[in-house]
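Reader: I am new to this structure and should be grateful for a close look at a single part of it. Please begin with one residue, explain how it is classified, and then set it in its wider surroundings.

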Amino acid sequence: EEGSAVQFRLGYASPEIRGSFTHPALGEFDSGDIAKDFFVPSLAYKKALTEKLDFALMYDQPFGADVEYSKDYFLSLHGGDRKDVLRADADLNAITALLRYKFEGGFSALGGIRAQSAKADIGVPVVAGYQTKTDTDVSLGYVVGVAWEKPEIAARVSLTYNSKIKHNWTQTESVNPADDLFDDKKTKSEIITPQSVNLDFQTGVAPKTRLFGSIRWVDWPQLVYNPPNYPPTSNLVDYADSTFTYSLGMGYQFSEEFSGAVTLGYETSQGTPVSNLGPTDGFWSIGLGGTYSLENAKISGGVRYTDIGDATSNGAGPNARGTFTGNSAWSVGFQITYALN
């Protein structure tokens with residue numbers, strides 16, 4: 001945005017993720033719809049300090065999880081009296097402060113600090129009724145990037161690096177039934193939210209027509225959560241592969257006030273077993289959106305359909321795994337940007 005502005009964004013997603021777990025001796029167990037609907041808010045403020053220097057302050061939720069399986073699923077079963085299911089709830093919130101300096105020739109550089117809070121609550125009943133609940137930890141990371149733009153042809157290319165952020169959690173671990181050696185233990189763990197790189201671009205290709213897109217890389221193997229009293233043969237949460245996510249869109253200005261766009265998205269599939277707490281593997285999507293411009297405000301809205309990639313989840317050996325197929329999600333979003341000039 002040119003000059004000074006404020007921006008509010010709210011997204012809502014309704015995913016459906018279902019699968020089944022086949023045990024060679026006990027048969028097949030249905031997962032139910034494990035993914036809950038969720039909102040994703042974002043708020044940003046930008047101030048033009050000088051002709052060459054801009055400041056921005058942004059709030060968002062960069063990562064998260066909200067997964068809950070059926071009580072009849074194999075990994076939800078436990079012989080004790082604790083009533084729980086296989087589940088994970090992780091909340092992360094971030095505030096980022098950025099400065100951008102404009103050089104000659106359309107080049108600019110940006111950098112800043114991100115403060116991120118993180119907490120989680122996880123249950124794995126099949127492992128002796130295991131539960132872990134963490135406190136909220138706040139840690140710092142950083143953002144750096146470069147950009148080039150040429151307004152005459154609506155061209156812009158930017159490359160942004162987001163650092164990993166290391167959290168040191170204090171958590172309460174418990175099993176059921178509890179014993180003298182393991183009764184609501186207070187322990188400590190380290191977890192890293194992964195580094196990522198974003199390449200974004202846009203350019204005019206014809207009168208009133210704009211091509212835009214992005215490539216995002218996320219280093220997911222950096223994220224490992226292994227509480228000290230979870231069985232030592234496996235991590236509670238981990239990822240084997242990094243991901244690349246691509247988007248490509250075309251926008252058209254129908255009038256002075258209204259423009260529309262269509263966007264395609266794709267994330268690579270790895271084809272390797274994934275965590276039961278995130279049983280998806282890649283996706284493709286299509287989205288439609290529009291923006292209505294007033295004197296000082298731009299109001300945008302859109303809808304997206306996502307075909308979620310089939311996945312095989314980790315289990316008790318190669319013949320006892322979860323299989324998740326035919327899943328999808330619908331998302332809607334709203335954004336308003338108001339110029340303060």
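Author: F103 has a relative accessible area of 46% and is therefore partly exposed. The reasoning rests on two cut-offs, because buried means under 20% relative accessible area and exposed means over 50%, with partly exposed in between. It should be said at once that the model is predicted.

The ring of F103 has a partner in Y101. The centres of these two rings are 5.1 Å apart and their planes stand at 70°, so the pair is edge-to-face. The angle decides the matter, because planes over 60 degrees apart count as edge-to-face. Y101 is likewise partly exposed, with a relative accessible area of 38%.

A second pair offers a useful companion case. F63 and W220 also form an edge-to-face pair, with 5.6 Å from centre to centre and 80° between the planes. F63 belongs to the loop between β5 (53-60) and β6 (64-68), and W220 to the loop between β15 (209-218) and β16 (243-253), so this pair ties together parts that are 157 residues apart in sequence. F63 and W220 are both buried, whereas F103 is partly exposed. Across the whole structure, a search finds 18 aromatic pairs. There is also an aromatic cluster, formed by F21, F29, Y69, Y73, F74 and F324.

The charged side chains may be considered next, beginning with E104. This residue lies in the loop between β7 (87-102) and β8 (107-124), while K52 lies in the loop between β4 (38-48) and β5. K52 and E104 form a salt bridge in which the closest N and O atoms are 3.1 Å apart. Because of the places of its two members, the pair ties together parts that are 52 residues apart in sequence. E104 is exposed, at a relative accessible area of 63%, and K52 is partly exposed, at 31%.

Other salt bridges may be set beside this one. The side chains of E149 and R156 meet at 3.3 Å, N to O. E149 is partly exposed, with a relative accessible area of 23%, and R156 is also partly exposed, at 25%. These two residues belong to a network of salt bridges that links K46, D54, R100, K102, E149 and R156.

K166 and E190 form a further salt bridge, with 3.8 Å from N to O. K166 is in strand β12 (residues 165-174) and E190 in strand β13 (residues 185-193), so the pair ties together parts that are 24 residues apart in sequence. The relative accessibility of K166 is 41%, which makes it partly exposed, and E190 is partly exposed at 41%. The structure holds 14 salt bridges.

Finally, these details may be placed within the whole protein. The protein has 22 strands and 0 helices. Its C-alpha atoms fill a box of roughly 70 × 40 × 30 Å along the principal axes. Of its 341 residues, 38% count as buried. Among contacts with a separation of 6 or more, 62% are between residues 24 or more positions apart. The protein exposes about 18100 Å², of which carbon and sulfur atoms supply 59%. It carries 28 positive and 40 negative charges, whose mean positions are 6 Å apart.

Technical notes: Residues are numbered from 1 along each chain as its sequence is written. Side-chain values use heavy atoms; hydrogens and water are left out. Helices (H or I, at least four residues) and strands (E, at least two) are DSSP runs, numbered from the N terminus. Buried means under 20% relative accessible area, exposed over 50%, partly exposed in between (1.4 Å probe, protein chains only). Contact means heavy atoms within 4.5 Å. Accessible areas come from the Shrake-Rupley method with a 1.4 Å probe; for residues, only the protein chains shown count as cover. Lys and Arg count as positive and Asp and Glu as negative; His and the chain ends are not counted. The place of a charge is taken as NZ of Lys, CZ of Arg, CG of Asp or CD of Glu. Rings of Phe, Tyr and Trp (its six-membered ring) pair if their centres lie within 6.5 Å; planes under 30 degrees apart count as stacked, over 60 as edge-to-face and the rest as tilted. A salt bridge is a side-chain nitrogen of Lys or Arg within 4 Å of a carboxyl oxygen of Asp or Glu.
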